[in-house]
Structure formats: structure tokens, C-alpha cells
Amino acid sequence: QRVISLDGVPNPFTGLPLWQTVVAIAFGLCVLARGKSHGPGGFPRSVRWFPGFVVSVANLLCFSGSTRDSLEKAIQKVGDIFYGMHITGETMLVLANPDDWVQVYSQEGKLKLRPAITGAMQELHGKHNFQALHGSTHQLYRKIFSALLSPKALESFVPYLLANYQALWKKLECLSADKDSSVVVRNHVRDTQFELMCKVLYGIEKDTEDNTRILEQMRVDFETQEAGLSAPTFTKTFKDAYAATMRNRGIIAEKFLEHLDTMRQTLPSQKVENTVGSALEAVAYALIKDGTADDTDRIDGVVNNLLFLLEASHGTSIYITTSMLYFLNLQKNKLALKKVRKEVEAHPNPSFSTLKNGLPILEGCVNETLRLAPIVAVNPLIADDSQMLRIRDQTIQCPPVIMICLASPTRDPKYFARPMEFLPERWAESCEDEELKVTESGRKAFRLMGMGRHVCLGQSLARLVLKSALYTFASEPTRMISFDPKTSKLQDGIFFPSSSVSDGLVGRVTS
């Protein structure tokens, strides 16, 4: 395999479609004309990045906007390290080799790495969003919010998760009772997941007329907000999303300030227990203990991150749950679903410990779905371009953006045997097929929840939700989803999600 060194690149143009190449070259020349420079190995005084950039743009055009396919095509042509350009207009170093990721993250503190997010995301997430921070402020917010997802807190969520997802599948069976009827599975998972997260994080549920009205309005606004995350900030879509975000932020702020005032008066001497609906109390206690309960700037940051936590946990769960059910209900994967049912039958009334570590085939289904239909295929990182980056035995001027291609190894037979097949047993320690079993290098390359100090904060909650959804679905021995694989199929996207079921999985849920 040809690998671009940072001192020169091979000719990658052979075989590229003509008009896409012409457009890409023209675009690259316009970029060069900007005249900006970051010194040796930088951009654009050095044109070392140019061939790789042209390949990535040409393939992006060729594949109609699929980030994953375009990057994989570029990697096949020029190797697993090359220069390109981020959507922000900054140069980026694209890395598809897990060994390079480890080397970059070993310099995380010096380079001040944090996720590169769009202007729309920055506006909607508000100030002090911890995914865009680094250093001590980032550590403080992660410490506050990681406590909300402690093992004890997650354990308290389990009965609620199982009960709500069991009710969902029964509801969808009722809605599918007529042979001519169908449901959009993802839409119903979205509604269930939204109510679940509002309950476990904020303690808001449909127990009164006022709370029912609040939740309904929050759900509508939340979907409006989600639509604006990748929209240009001058569009109506973004402006509607911003207004919706402000309304939801106002609701969370009001609830949080009520808890904060109560905690100030009671001055608790013992730490708040993290259980269902206690997140606001726990964060209020953390601010009082930190001595920043009267800091309006810190309070604003906490409220913004409480809303972001809902967005992050909600988005991941609905898309991965839908994709997982899509895979398991394909005719070719019937054996995998049968194995899940057998495992579920052997573990009635599962505890938190069982869901976490005691169901290897079910865990394998989650991993296979993440591998074949990742919610995020790439992780672009902003870096301090005044620093020097050590990579592959060279020291270069750090580019403004480093693109970690998280999904690149997941279809590579070097890391996963029979990579395009859905085979959950490959992840089990008891897997007897040594050729199929995931190797240590495969596990190290499986980083779809991120790496380093900005690794997904809510991944333990997301995995618990996914397992609860699948456990309850498989608990009924004959439950299945009938759908047309010609219309319901997996598709790759350019932003979020990187992969999803095209129509949200339209079908009938029967048992």
C-alpha cells in the first residue's frame, strides 16, 4: 500500500472521473490563491496536501456526499495519511491508521485538541459546551457530568429502561395488527427515547397535565433543534432551531434553578445519590461544593451542557437502535437473532451487571451495528497550529484540523474477518472460530465512541439503552419486524448520522 509521506505524495489522479477532478482542481487552486501559510509542511505555501485534497473532493462529488465512501476511495488511491480541507476552509491532516491516532492523542494536551464543530452547533450548544473546551474548564465540566452516569446511577435506570422499551414493542405490535398497516420504527423509538432521557436526566415525566404539555413542546422543539445542527446559520431552518433551543434551554434553566435554590437552603452535608431524575440535584450540589453556585456564567454553562447531554444520548440511541433492528430482521441474519433470543431466555429479569457484562452475543450485536452503521464515521479535531506535531518519525507544523477516520478500519479485513457480514459472535470471548474472532488489534481499532479526553461522555448510558431495547425486543420468542429491504436499506450520509436506515425502517412489528 502506498502511503503519503509528509515530504511528498504519489500521483493519485489515475482513474478519477473527469468532471469531478476538474472541479476539485479548480476548487483547490482557489484555496491556494488565499495565500495563507503555516510554514514548513503547512498550507498553502507547500502544495504537498494538494493531490490528496483533489482526490478527496473528487470522490466526495462522485459519491454524492457520502463522507465514508469518499474517504475510503481516497484512502485506497493515496494511502492512509494525506492532506485535505475541512468544511471550515482550513487544511486538515487525514489519518486512517489507528497507530497514528494513538500517536496524535499522546500529544493531546500540547496540541489542545477538541472536536471541530460547525458554526450552527456552536450557536445552538451555547457557551461552555464541554465538547468544544480543553484544559481545566473541560475537565471540570466532565467531572460534574460524569458523576451523573456513575454505575450506581445507571443501575437505577435499568428497570425504567426495560419497562418503557417493553411497552414500546407491545404498542408497535398493536399498531401493526392490521395486515395493511405499518409503522416507522425510528419515529417511535425517538419518542420513547426522548421521554426516557427527560425522566432519567431531569425528572420530567407525564405525571401532570402541565408536565405532559411541557414534554410535548420540548419534543417538537428538540426535533426542530436537531434539524438545525448542520444548517447554515443564515437559513430559516437554523433560525427556527435557535428559537426552539432557547425555549428548551429556558425550561431546563427554570427546573435547574429551582433545585439550586432548594439545595442552597438545605446545605446538604452528604453527596446527592445519583438515581433516576436526580441529575439536576447532583449538578446543583456539585456547584455549591465547588463554590460557583452564584457564578451566572458557570450556571449558563451547566444548563447548556444539560441540554447537550440529552441531544447526545438521544441521537446516538435512536439511530443505532433502528439500524440494529434492521440488521437482525434481515433474512440473512436470522441465525444472529436466534442466538440473541437464546441468550435472553437464559437471563430472565436481568440486573445491571448482567446487561453490562453478562450477555456477550447481545453486546456483539451492539458492536456490529456500530461497526457497520457508525453514528459518526470521522472525528475532525481542532488543533493548536502554532505547535509542532510528531507523526511517523517526522516533526511538522501542526495543521489546524486533524481528521481521525474512526470508521476506516471497520470494513478492513486486516482488522475484521469477513468485514461486511453481521456476525455478533465474533466479539465473544468464547468464539471458537479463531479466524473470525476479533483480535487485539481489531479491538484497539474499534474507537467509534471517540478517544482521549473527549471520548463520548455518555457511551455507558448509550450502550445500556441499546442493550435494553434489544433485550426487550428479543424477549418475545417470535417477535419480528417485516419490511421491504428494497425500500428500507442502509445509507451513508455526509454529516450526522454517518449511517442510518433510509426510511426509518417502515414495517410491521409482529409476534
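Select Q107 in this predicted model; the residue lies in the loop between α4 (98–105) and α5 (108–111). With 10% relative accessibility, Q107 falls under the 20% limit and therefore counts as buried. Next, display its surroundings: leaving aside residues up to four places away in sequence, Q107 touches M388, L389 and R390.

Proceed to C398. Its relative accessible area is 0%, so this cysteine is buried. Add C365 to the selection; C365 also counts as buried, because its relative accessibility is 0%. A search for disulfides may be omitted, as the structure holds zero of them.

Now select residues 296–328, which form helix α13. How far apart are the end C-alpha atoms of α13? They are 48 Å apart, and this agrees with the expected span of 48 Å, because 33 residues are taken at 1.5 Å a residue. Colouring α13 by accessibility shows a mostly covered helix, with 29 of its 33 residues buried. At the start of α13, display the side chain of D295: one of its oxygens comes to within 2.9 Å of the backbone nitrogen of D297.

Finally, return to the whole protein. The secondary structure comprises 18 helices and 12 strands. Of the 511 residues, 56% count as buried. A contact map is a suitable next view: among contacts with a separation of 6 or more, 72% join residues 24 or more positions apart. With the surface displayed, the exposed area is about 22,100 Å², of which carbon and sulfur atoms supply 53%.

Technical notes:
Residues are numbered from 1 along each chain as its sequence is written. This is a predicted model: local features need pLDDT of at least 70, side-chain atom pairs count only at pLDDT 80 or more; totals for chains, interfaces and linings use all residues. Side-chain values use heavy atoms; hydrogens and water are left out. Helices (H or I, at least four residues) and strands (E, at least two) are DSSP runs, numbered from the N terminus. The expected span of a helix is 1.5 Å times one less than its number of residues. Buried means under 20% relative accessible area, exposed over 50%, partly exposed in between (1.4 Å probe, protein chains only). A polar contact is a pair of N or O atoms within 3.5 Å; within protein, one must be able to donate a hydrogen and the other to accept it, and residues adjacent in sequence count only if both atoms are side-chain atoms. A disulfide is a pair of cysteine sulfur atoms within 2.5 Å. Contact means heavy atoms within 4.5 Å. Accessible areas come from the Shrake-Rupley method with a 1.4 Å probe; for residues, only the protein chains shown count as cover.
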